[in-house]
Amino acid sequence: MTDTLGTSDERADAVHLLEAEFGELGNRFRRLMHENAQRVSPGMLPAAYKVFTTIARRDQVTPSALADHMLMDRGQLSRTLRELEELGLITRSPDPADGRSSLLSATPEGHARLAAARAPQEGLLTDKLAEWSVEDIRSLTRLLHALTAGIQPGSGEPSSQ
């Protein structure tokens with residue numbers, strides 16, 4: 001019986017197509033991260049770029065909070081932070097809330113290099129969505145939020161899965 005949820009075969013086909021599109025989106029995102037990492041510092045690995053952009057976006061963060069947020073091994077994170085410091089992209093300052101810890105921040109040079117690295121892609125999403133209606137953009141945003149938050153679209157309630 002077909003209803004708004006579709007048959008189990010239709011649902012399985014739709015989910016497989018969605019997974020494929022997410023795979024393509026992930027590949028595109030990884031390519032962009034690699035290109036941006038190279039523009040920030042030739043030879044920089046995408047993982048270090050991700051750590052750097054997370055620090056830049058959060059303004060100030062402790063290494064412990066960063067490791068938890070990124071689900072990273074603390075040893076690997078420590079090596080990456082040293083690399084970012086040596087490149088002059090981040091700085092550490094004492095954490096006034098915990099004298100045993102430090103706060104990580106992007107340096108002015110780091111912010112400038114990040115902005116320069118991202119410049120070639122500025123407006124890329126805007127250009128791709130130029131022919132989309134505002135309603136379609138908002139719908140996609142709402143649906144992606146529901147998917148990532150694990151809620152039913154439009155309900156705010158946790159999904160049953």
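## Loops, a hairpin and a charged patch

Asp59 lies in the loop that connects helix H2 (46-58) with helix H3 (63-70), and this residue is a useful starting point for reading the structure, which is a predicted model. The points below look at two loop residues with a positive phi, Asp59 and Leu71, then at a hairpin formed by strands S1 and S2, and finally at a surface patch of positive charge that includes Lys128.

**Loop residues with a positive phi**

- As background for this topic, most residues other than glycine have a negative phi.
- Asp59 has a phi near 70 degrees, which is a positive value in a residue that is not a glycine.
- Asp59 counts as exposed because its relative accessibility is 53%, and the cut-off for calling a residue exposed is over 50%.
- Leu71, which is found in the loop between H3 and helix H4 (74-86), also is not a glycine and has a positive phi, in this case of about 55 degrees.
- Is Leu71 buried or exposed? With a relative accessibility of 80%, Leu71 counts as exposed.

**The hairpin of S1 and S2**

- Strand S1 (residues 90-95) and strand S2 (residues 98-106) run antiparallel to one another, and six bridges join them.
- Between S1 and S2 there are two residues, and the two strands together form a hairpin.
- Within this pairing, the residue that Ser93 stands opposite is Leu103, which belongs to S2.
- Ala97 has its place in the loop between S1 and S2, and Ala97 is exposed, since its relative accessible area is 75%.
- How far apart are the C-alpha atoms of Ala97 and Val15? A distance of 46 Å separates these two atoms, and the residues are 82 positions apart along the chain.

**A patch of positive charge**

- On the surface, a patch of positive charge is formed where Arg28, Arg30, Arg31 and Lys128 gather.
- Which helix gives the most to this positive patch? Helix H1 (residues 8-40) does, contributing three residues.
- Lys128, another member of the patch, is located in helix H6 (residues 124-128).
- Lys128 is classed as exposed because its relative accessible area is 60%, a value to be read against the cut-off of over 50%.

How values were computed: Residues numbered from 1 in each chain as written. Predicted model: local features only at pLDDT ≥ 70, side-chain atom pairs only at ≥ 80, totals over all residues. Heavy atoms only, no water. Patch = residues over 30% accessible without salt bridge, like charges linked within 9 Å, V, L, I, M, F, W, Y side chains within 5 Å. Areas by Shrake-Rupley, 256 points an atom, 1.4 Å probe, with all protein chains shown as cover. Salt bridge = Lys/Arg side-chain N within 4 Å of Asp/Glu carboxyl O. Lys, Arg positive; Asp, Glu negative; His and termini not counted. Charge placed at Lys NZ, Arg CZ, Asp CG, Glu CD. Helix = DSSP H or I, 4+ residues; strand = E, 2+ residues; numbered from the N terminus. Buried < 20%, exposed > 50% of the residue type's maximum accessible area, 1.4 Å probe, protein only. Pairing = 2+ DSSP bridges.
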